[in-house]
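This report describes the interior and the hollow spaces of one protein chain, and then turns to a few individual residues. The sequence and the coordinates come before the discussion.

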Amino acid sequence: IKVDFKLTEGANSGIKYYVDTELNKGEGSSIGLEYQILDDAKHPDAKKGNHEGSRTVSSLYDLIKADPNKPIKAIGEWNTAHIVSKDNHVEHYLNGAKVLEYERKSDDYRKLVSESKYAKWPNFGELERGQILLQDHGDRVSFKNIKIKTPKEDK
């Protein structure tokens, strides 16, 4: 998925992927892996989480911190988020620069999940296929140019 986003001051949002709509059916949103979209300077969530920096913009929310030298544009300007997932290898990009990568279902990934708020959900983020969700925390965040490309099936 590739999408342009624009933050307002203090805003919090995200792009969730491999969302399992059967998890967390009560209060809150559906659960999935999340490309964090956040005003790192003004939103308090940037300093929270079980893994330092893992709730900052373009990070894998609560699991992996994005490169601190990421090329984020000023509040009010358009940025481009890009998530690539192929054969359990996932990469997050911000404005064309790769800012993190990881292997879903790996021992390292499962260890990070076990140390996070997601530990209570078995097989978190390990669906073969899932939904995509744009997170709404009530803050003003704009999205445009949403493009989703699915890989061709092997025959």
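## Pocket, core and selected residues

Sorted by class, the residues that line the largest pocket comprise eleven charged, eight nonpolar and five polar ones. The model is a predicted one, and the values that follow are computed from it. The space in this largest pocket amounts to about 1000 Å³, and among its 24 lining residues those closest to the centre are Tyr18, Ser85, Lys149, Thr150 and Pro151. Two strands, β2 and β4, each contribute at least two residues to the lining of the largest pocket, and β4 provides the largest share of that lining, with five residues.

Besides the open pocket there is enclosed space to consider. The count of cavities of 30 Å³ or more comes to one, and the largest cavity has a volume of about 30 Å³. Around the largest cavity lie Tyr18, Asp20, Leu23, Ile31, Gly32, Asn123, Phe124, Gly125 and Leu127, and the elements that give two or more residues to this lining are β2 and β3. The lining of the largest cavity divides by class into five nonpolar residues, three polar residues and one charged residue.

Tyr18 appears in both linings, being one of the residues closest to the centre of the largest pocket and also one of those that line the largest cavity. Tyr18 belongs to strand β2, and it counts as buried because its relative accessibility is 17%, a value under the 20% limit for that term. The backbone of Tyr18 has a phi near 50 degrees, which is a positive value in a residue other than glycine. A positive phi without glycine is also found at Ser58, where the angle is about 75 degrees. Ser58 is placed in the loop between β3 and β4, and it is buried, with a relative accessible area of 0%.

The largest nonpolar core holds 32 residues, and the ones with the most contacts inside it are Leu33, Leu63, Tyr102 and Phe124. At least two residues of this core come from each of β1 (2-7), β2 (12-20), β3 (31-38), β4 (78-86), β5 (89-94), β6 (97-103) and α1 (107-114), and β3 gives the most, with four residues. Phe124, named here for its contacts inside the core, is also one of the residues lining the largest cavity.

Tyr102, another of the residues with the most contacts inside the core, is located in strand β6 and is buried, with a relative accessible area of 6%. When neighbours within four places in sequence are left aside, Tyr102 is in contact with Tyr17, Leu33, Leu60, Ile64, Asn88, His89, Val90, His92 and Tyr109. With one of these partners, Tyr17, the side chain of Tyr102 also makes a polar contact, side chain to side chain, of 2.8 Å. The C-alpha atoms of Tyr102 and His137, by comparison, are 26 Å apart in space, with their positions 35 residues apart in sequence.

Which loop holds Asp62? Asp62 is found in the loop between β3 and β4, and it counts as buried because its relative accessibility is 0%. Leaving aside neighbours within four places in sequence, the residues in contact with Asp62 are Gly49, Asn50, His51, Ser54, Arg55, Ser116, Lys117 and Tyr118. One of these, Arg55, is joined to Asp62 by a polar contact of 3.1 Å between the two side chains.

Lys111 is placed in helix α1, and at 48% relative accessibility it counts as partly exposed. The C-alpha atoms of Lys111 and Leu63 are separated by 9.6 Å, although the two residues are 48 residues apart along the chain. The side chain of Lys111 also makes a polar contact with that of Glu115, at 2.4 Å.

The polar contacts between side chains that have been named above are brought together here.

| Residue | Partner | Distance |
|---|---|---|
| Asp62 | Arg55 | 3.1 Å |
| Lys111 | Glu115 | 2.4 Å |
| Tyr102 | Tyr17 | 2.8 Å |

Technical notes: Residues are numbered from 1 along each chain as its sequence is written. This is a predicted model: local features need pLDDT of at least 70, side-chain atom pairs count only at pLDDT 80 or more; totals for chains, interfaces and linings use all residues. Side-chain values use heavy atoms; hydrogens and water are left out. A nonpolar core is a set of buried Ala, Val, Leu, Ile, Met, Phe, Trp, Tyr and Cys residues joined through side-chain atoms within 4.5 Å. Buried means under 20% relative accessible area, exposed over 50%, partly exposed in between (1.4 Å probe, protein chains only). Contact means heavy atoms within 4.5 Å. On a 1 Å grid over the protein atoms alone, a cavity is a set of points where a 1.4 Å probe fits but cannot get out, and a pocket is an open set with protein on both sides within 12 Å along at least five of seven lines; lining residues have an atom within 4 Å of a point. Grid points are joined across faces, edges and corners, and a volume is the space filled by probe spheres set on the points. Ala, Val, Leu, Ile, Met, Phe, Trp, Tyr, Cys and Pro count as nonpolar, Asp, Glu, Lys and Arg as charged, and the others, Gly among them, as polar. A polar contact is a pair of N or O atoms within 3.5 Å; within protein, one must be able to donate a hydrogen and the other to accept it, and residues adjacent in sequence count only if both atoms are side-chain atoms.
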